[in-house]
Amino acid sequence: MRHGSQINPDNRYEKVHHELDPEYLEWDREYLQDSLNRSIVYSDDDSQSIVSENQSPDIPFRYSVNPYRGCAHGCSYCYARVSHEYLGMNAGLDFETKILVKRKAPQLFREFLERRQWQPELIAFSGVTDCYQPAERKFLLTRQCLELALEFRQPISIVTKNALVVRDLDLLREMAKYALTHVYVSLTTLDAELARDMEPKTSTPAARLRAISELAAAGVPVGVMTAPIIPSLNDSELPDLLTAAKQAGAQSAGYILLRLPLTVEPVFIEWLQRTQSPAAKRVLSRIRQTRGGKLYQSNWAQRMSGQGEMADQIRQVFQLFARKQGLHEPLTPLRYDRFERPLPKTGQLRMF
């Protein structure tokens, strides 16, 4: 079992922390092997709501749906890792192997869309964790929510790095006819080996490009997110990433600079030093050059793109090649005037 993290960083909300005794465990190879090669455990999440709201000025949507907590993709850099600490778990191996499943997501989504006070606006799928992570093959929660979005004519946007999204091409194609959906495929590298190290259980770069092609061929507005950009690791690939995405059929592009909030930082550093040892020192130095000498700054309007000369260079390269490839414009606008609440399945008319 391959994981992005091989550590269990302390949960910052817990008062009691545990330290392993390396000397005691040195010869217990079976324990060490099992601790680093965990099976994925799925547990029920009894959340009573499925649509989350955020007020961040850096995020281009207000509402999002996340059917799963935690993500088996295991991306070493994932900013969502810290969310697992709210649940009493850690941002390392726990985040990748202890996945919470919101089995009532379709029911809760229907109840949300049926509310009379809901005035339709964009709802993003994967605002936190990837809605097409491996769990989706088994639980089909994202697909069921998409069926409801189509039924209600509710506009949605999807961001994913998993080619599983094309499984739902029948729904996405139909939604595209009504201008109800955008799909962004995350593409961080064209190097399959680097992708496997950095994003262990995601689709390969080639599979993601095929997904872009299939979405575009089906008439689904599709863009590419070259995110995150990691200075001295994948920033030099920006021209090739945008070229490959355009050739596959992408119509728009975006990027986000690497973010290392809170407990994501030790997880990423451990991964970097373990898998990219020759480049680790240089990468960390370049990250600091984009973050005012630190590894992360959370300032509004800067946390997504950084600051300083190197951050400016990355932005300029992205803008230059996005424009060169015709990817600098946003995807076609979605339609919100087509939203309608179907009659209750009981057949009874609404009084109000």
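## Working through a predicted model

The structure holds zero disulfides, and keep in mind that this is a predicted model. Here are some exercises to try with the structure open.

### Exercise 1: the cysteines

Work out why Cys71 and Cys75 are in no disulfide, and whether each is buried or exposed.

Solution.
- Start with the cut-off: a disulfide needs a pair of cysteine sulfur atoms within 2.5 Å.
- Now take Cys71. Its nearest cysteine sulfur belongs to Cys75 and sits 6.3 Å away, and Cys71 is in no disulfide.
- Next, Cys75. The closest cysteine sulfur to its own is in Cys78, at 6.3 Å, which is too far for a bond.
- Then check accessibility, where buried means under 20% relative accessible area. Cys71 comes out at 6%, so call it buried.
- Cys75 has 7% relative accessibility, so it counts as buried.

### Exercise 2: two single residues

Place Ser52 and Glu85 in the fold, then say how exposed each one is and what it touches.

Solution.
- Find Ser52 in strand E2, residues 51-53.
- Its relative accessibility is 36%, so Ser52 counts as partly exposed.
- Leaving out residues up to four places away in sequence, Ser52 touches Arg62, Tyr63 and Ser64.
- For a sense of distance, go from Ser52 to Pro330: they are 278 residues apart in sequence, and their C-alpha atoms are 24 Å apart in space.
- Over to Glu85, which lies in the loop between strand E4 (68-69) and helix H3 (93-97).
- Glu85 has just 2% relative accessibility, so it counts as buried.
- With residues up to four places away in sequence not counted, Glu85 touches Asp10, Asn11, Arg12, Tyr13, Ala91 and Thr263.

### Exercise 3: H6 against H7

Describe how helices H6 and H7 pack, and list which residues meet.

Solution.
- Get the geometry: H6 (residues 141-152) and H7 (residues 169-177) pack at about 25 degrees, with axes 10 Å apart.
- Angles under 35 degrees count as roughly parallel, so H6 and H7 are roughly parallel to each other.
- Their crossing is left-handed.
- From H6, Arg143, Leu146, Glu147, Ala149 and Leu150 meet Asp170, Leu171, Leu172, Glu174 and Met175 of H7.
- Sort the H6 and H7 contact by class and you get six nonpolar, no polar and four charged residues.

### Exercise 4: the surroundings of H10

Find the buried residues of helix H10, what covers them, and how H10 meets H9.

Solution.
- In H10 (residues 238-248), the buried residues are Leu238, Pro239, Leu241, Leu242, Ala244, Ala245 and Ala248.
- Their cover includes helix H9 (205-217), strand E9 (222-229), strand E10 (252-257) and helix H13 (309-324).
- Zoom in on H9 and H10: the axes come within 8 Å and cross at roughly 35 degrees.
- On the H9 side the contact uses Leu209, Ile212, Ser213 and Ala216, and on the H10 side Ala244, Ala245 and Ala248.
- By class, the H9 and H10 contact has six nonpolar, one polar and no charged residues.
- Finish just past the helix: right after H10, Gly249 takes a positive phi of about 125 degrees.

### Exercise 5: the buried side of H12

Name the buried residues of helix H12 and say what they pack against.

Solution.
- A reminder first: an α-helix has 3.6 residues a turn, so residues three or four places apart point the same way.
- In H12 (residues 277-289), Ala279, Ala280, Val283, Leu284 and Ile287 are buried.
- These buried residues of H12 pack against helix H11 (264-275).

Conventions. Residues are numbered from 1 along each chain as its sequence is written. This is a predicted model: local features need pLDDT of at least 70, side-chain atom pairs count only at pLDDT 80 or more; totals for chains, interfaces and linings use all residues. Side-chain values use heavy atoms; hydrogens and water are left out. Buried means under 20% relative accessible area, exposed over 50%, partly exposed in between (1.4 Å probe, protein chains only). Helices (H or I, at least four residues) and strands (E, at least two) are DSSP runs, numbered from the N terminus. Contact means heavy atoms within 4.5 Å. Axes are lines fitted to C-alpha atoms, for helices over the stretch in contact, and angles run from 0 to 180 degrees between N-to-C directions. Angles under 35 degrees count as roughly parallel, over 145 as roughly antiparallel, 65 to 115 as roughly perpendicular and the rest as oblique. A crossing is left-handed if the near helix is turned anticlockwise from the far one by less than a right angle, and right-handed if clockwise. Ala, Val, Leu, Ile, Met, Phe, Trp, Tyr, Cys and Pro count as nonpolar, Asp, Glu, Lys and Arg as charged, and the others, Gly among them, as polar.
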